[in-house]
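Student: I am new to this structure and should like a close look at one part of it. Please explain how helices pack against one another here, and with which residues.

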Amino acid sequence: AVAADLTAGAFQFHFSRPLTARQYLAGRVLSATGWSAALMGLAWLVFIGERGAFGTAPSTLVALYGAGLAGALLRLLTLASVALGVSSLTRRRGLAQATFAAVVLGTFLASAVLAKVLDAPWVSAVDVLGCAPALTAQLHGDHTLTGRGAWAPALACALWSVPFLALAAWRVSRAEVVRG
C-alpha cells in the first residue's frame with residue numbers, strides 16, 4: 001500500500017487535507033486488516049456458536065471468543081505492521097510483496113528449524129506468524145513456555161510491530177508533499 005502510494009505520488013492527495021502520517025498509517029493498517037478481521041471474527045463466532053450448541057457455559061464462550069478474537073487481531077496487526085514497514089522501503093510493489101513474503105516465511109522456517117535443533121520451544125514463538133498464536137495460547141492458560149521463554153511471544157509481537165510501524169511512519173513523514 002505504501003509502495004503504491006509512493007509510486008503514484010498519492011501523498012500529495014492524502015496530505016492535502018489536514019491528515020498526519022499517523023492517521024495515514026492507521027488508515028492503512030485498517031485497510032490492510034479490515035476484511036481479514038471481519039472474516040476471522042465471523043469464523044470465530046461460528047466456532048463459538050458450535051461450542052454453545054454442545055452445552056458450553058456462556059462465561060466460557062465469552063472467554064473463548066475474547067481470547068480468540070484478541071489473538072486474531074494481534075496476528076493481523078503484527079502482519080500489517082511488517083507489511084507497511086517493508087512496503088515503505090521501496091516504490092516497487094512487487095519487491096515490497098516479495099520482501100514481505102521472505103520476511104514472514106524466512107522467519108517461520110528459521111524459527112521452526114532452530115526450535116527443533118536447539119530443543120527450545122520458545123524459539124518457535126518469535127517468528128512473525130508464531131508470536132501472536134503463542135501469546136494467545138498463554139493468555140488462554142496454555143503455559144507450555146516457562147521461565148524466561150514465557151516472555152518470548154509478547155516481546156516478539158512488540159518487536160515485529162513497533163519498529164516496522166516506526167519505520168513506515170518515518171518514511172511517510174519524509175514524503176515530499178507540496179502544500180498550496
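Tutor: The answer takes two helix contacts in turn and ends with a pair of rings. The model is predicted, so local features need pLDDT of at least 70 and side-chain atom pairs count only at pLDDT 80 or more, while totals for chains, interfaces and linings use all residues. Residues are numbered from 1 along each chain as its sequence is written, and side-chain values use heavy atoms, with hydrogens and water left out.

Helix α4 covers residues 58-87 and helix α6 residues 131-139; helices here are DSSP runs of H or I with at least four residues, numbered from the N terminus. The axes of α4 and α6 come within 8 Å and cross at roughly 155 degrees, where an axis is a line fitted to C-alpha atoms over the stretch in contact and angles run from 0 to 180 degrees between N-to-C directions. The two helices are therefore roughly antiparallel (a term for angles over 145 degrees). Their crossing is right-handed, meaning that the near helix is turned clockwise from the far one by less than a right angle.

On the α4 side, A67, G71, L74, R75 and T78 meet C131, A132, P133, L135 and T136 of α6, with contact meaning heavy atoms within 4.5 Å. By class, this contact has six nonpolar residues, three polar and one charged (Ala, Val, Leu, Ile, Met, Phe, Trp, Tyr, Cys and Pro count as nonpolar, Asp, Glu, Lys and Arg as charged, and the others, Gly among them, as polar).

A72 also belongs to α4. With a relative accessibility of 16%, A72 counts as buried (under 20% relative accessible area, with a 1.4 Å probe and protein chains only). Its C-alpha atom lies 7.9 Å from that of P133, although 61 residues separate the two along the chain.

The second contact joins helix α3 (residues 21-53) to helix α7 (residues 152-173), with axes 9 Å apart at an angle of about 125 degrees. These helices are therefore oblique to each other, and their crossing is right-handed. A21, Y24, L25 and V29 of α3 make this contact with L165, A168, A169, V172 and S173 of α7. Eight of these residues are nonpolar, one is polar and none is charged.

Within α7, W160 and F164 are four residues apart, which means about one helical turn between them. Their rings are stacked, at 5.9 Å centre to centre and 20 degrees between the planes (rings pair with centres within 6.5 Å, and planes under 30 degrees apart count as stacked). W160 is buried at 16% relative accessibility, and F164 is buried at 19%.

Terms used:
Parallel < 35°, antiparallel > 145°, perpendicular 65-115°, else oblique. Buried < 20%, exposed > 50% of the residue type's maximum accessible area, 1.4 Å probe, protein only. Phe/Tyr/Trp six-rings, centres within 6.5 Å; stacked < 30°, edge-to-face > 60°.
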